[in-house]
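Q: I am new to this structure and would like a close look at a single part of it. Please choose one strand, then show me what surrounds it and what lies further out.

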Amino acid sequence: MTSLRRPLIGGAVTALLAVAAPAHADTVPTPPGRITVEVVGLNGSGCPQGTADVAAASDNTAFTVTYSDYLAQAGGASGGTEFRKNCQLALRVHVPQGFTYAIARADYRGFAHLQRGASGQQRANYYFQGAAQSARTTHQFNGPRSDNWQAGDTTEYADLVWAPCGEERNLNVNTELRVYAGTSNPQAPSFMSMDSTDGSVSTVYHFEWRECGAV
């Protein structure tokens, strides 16, 4: 089945790593050297093998996930399962000895083409291997609209969940897109994407750092 594709809107999604600084950024040490982020597991209809890339920022403040085939759609000629797409990433973040990290903020971006009466949702959560899953956040988008969308999740400092010091635990990142035709014309397609054809649209996860042993 041929998926609908949207025009790529450039310029509106630039400076991704400068969108928001983590809380307490002026008091938290940044690890020396360069951290690396490795994909050790990939599963889901929104990220077939080879369609998700991960890169750490050069200043160790964040990492980005770029998808190339992440689109949910409803209405028109779309199939019954096309309304929901998801991706489950297992990431190994390699950090310098003596430091640990938490995810302070996540910024999500994409493109939405929703008919009048249609709606879309972006959902996400993330957690460390062996720990309880965090609460899933949901962002709602209603038609009519045909433009870029963005959503952000911020965790207060007191509520941050830190990676265990001295242990390598996978960071599990789960995302999901849903599109509902609702009361829109069933012959008119609606879609919502979180992918990019040229790497300009990425999901950004901002680190909060702490030295092991610090209170």
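A: Let's begin at one spot and work outwards. Find F207 in strand β12: the residue standing opposite this phenylalanine is I103. Please keep in mind that you are looking at a predicted model.

That pairing belongs to a wider arrangement. Strand β6, which covers residues 99-114, pairs with β12 in the antiparallel sense, and eight bridges hold the count between them. β12 has another partner as well: it pairs with β3, again in the antiparallel sense, over four bridges. For an example on that side, look at V65, whose bridge partner in β12 is T203. How enclosed is β12 by the rest of the structure? The answer is largely, because seven of its nine residues are buried.

Next, turn to the rings. Across the whole structure, a search finds 13 aromatic pairs. One of them is formed by F63 and Y205, a stacked pair with 5.1 Å from centre to centre and 20 degrees between the planes. F63 lies in strand β3 and Y205 in strand β12, so this pair ties together parts that are 142 residues apart in sequence. Are these two residues buried or exposed? F63 has a relative accessibility of 0%, which means that it counts as buried. Y205 is buried too, with a relative accessible area of 0%.

A second pair makes a useful contrast in geometry. F141 and W149 are tilted, with ring centres 5.3 Å apart and an angle of 55 degrees between the planes. Both F141 and W149 are buried.

Back at our strand, Y205 and F207 belong to one aromatic cluster, together with F63, Y101, Y108, Y126, F128 and W209. Two members of that cluster lead us to other places in the model.

The first lead is Y108. Its C-alpha atom is separated by 5.2 Å from that of A151, although the two residues are 43 residues apart along the chain. A151 has its place in strand β9, and its relative accessibility of 9% means it counts as buried. Setting aside neighbours within four places in sequence, A151 is in contact with Y108, and also with A106, D107, Q122, H139 and F141. F141 is the residue you met above in the tilted pair with W149.

The second lead is F207 itself. Leaving out neighbours within four places in sequence, N60 has both F207 and W209 among its contacts. Other residues in contact with N60 include T30, P31, P32, G33, R34 and I35. N60 lies in the loop between β2 (52-56) and β3 (62-67). Is N60 buried or exposed? With 2% relative accessibility, N60 counts as buried. A polar atom of its side chain lies 3.0 Å from the backbone oxygen of P31.

Now follow the chain past the end of our strand. R210 lies over the face of W162, at 4.2 Å from the ring centre. A little further on is C212, which a disulfide joins to C165, with 2.1 Å from S to S. The torsion about their S-S bond is about -100 degrees, so this disulfide is left-handed. C165 lies in the loop between β9 (145-154) and β10 (171-180), while C212 lies in the segment after β12 (203-211), so the link ties together parts that are 47 residues apart in sequence. Both ends are partly exposed: C165 has a relative accessible area of 38%, and C212 has a relative accessibility of 29%.

How many disulfides does the structure hold? There are two. The other one is formed by C47 and C87, whose sulfur atoms are 2.1 Å apart. This link is right-handed, with 95 degrees about the S-S bond. C47 lies in the loop between β1 (36-43) and β2, and C87 in strand β5 (residues 84-94), so the two cysteines tie together parts that are 40 residues apart in sequence. Here C47 and C87 are both buried. With the bonded cysteines numbered in sequence order, the pairing reads 1-2, 3-4.

Note on methods:
Residues numbered from 1 in each chain as written. Predicted model: local features only at pLDDT ≥ 70, side-chain atom pairs only at ≥ 80, totals over all residues. Heavy atoms only, no water. Buried < 20%, exposed > 50% of the residue type's maximum accessible area, 1.4 Å probe, protein only. Polar contact = N/O pair within 3.5 Å; in protein donor to acceptor, adjacent residues only side chain to side chain. Contact = heavy atoms within 4.5 Å. Disulfide = S-S within 2.5 Å. Phe/Tyr/Trp six-rings, centres within 6.5 Å; stacked < 30°, edge-to-face > 60°. Lys NZ or Arg CZ within 6 Å of the ring centre and 35° of its normal. Pairing = 2+ DSSP bridges.
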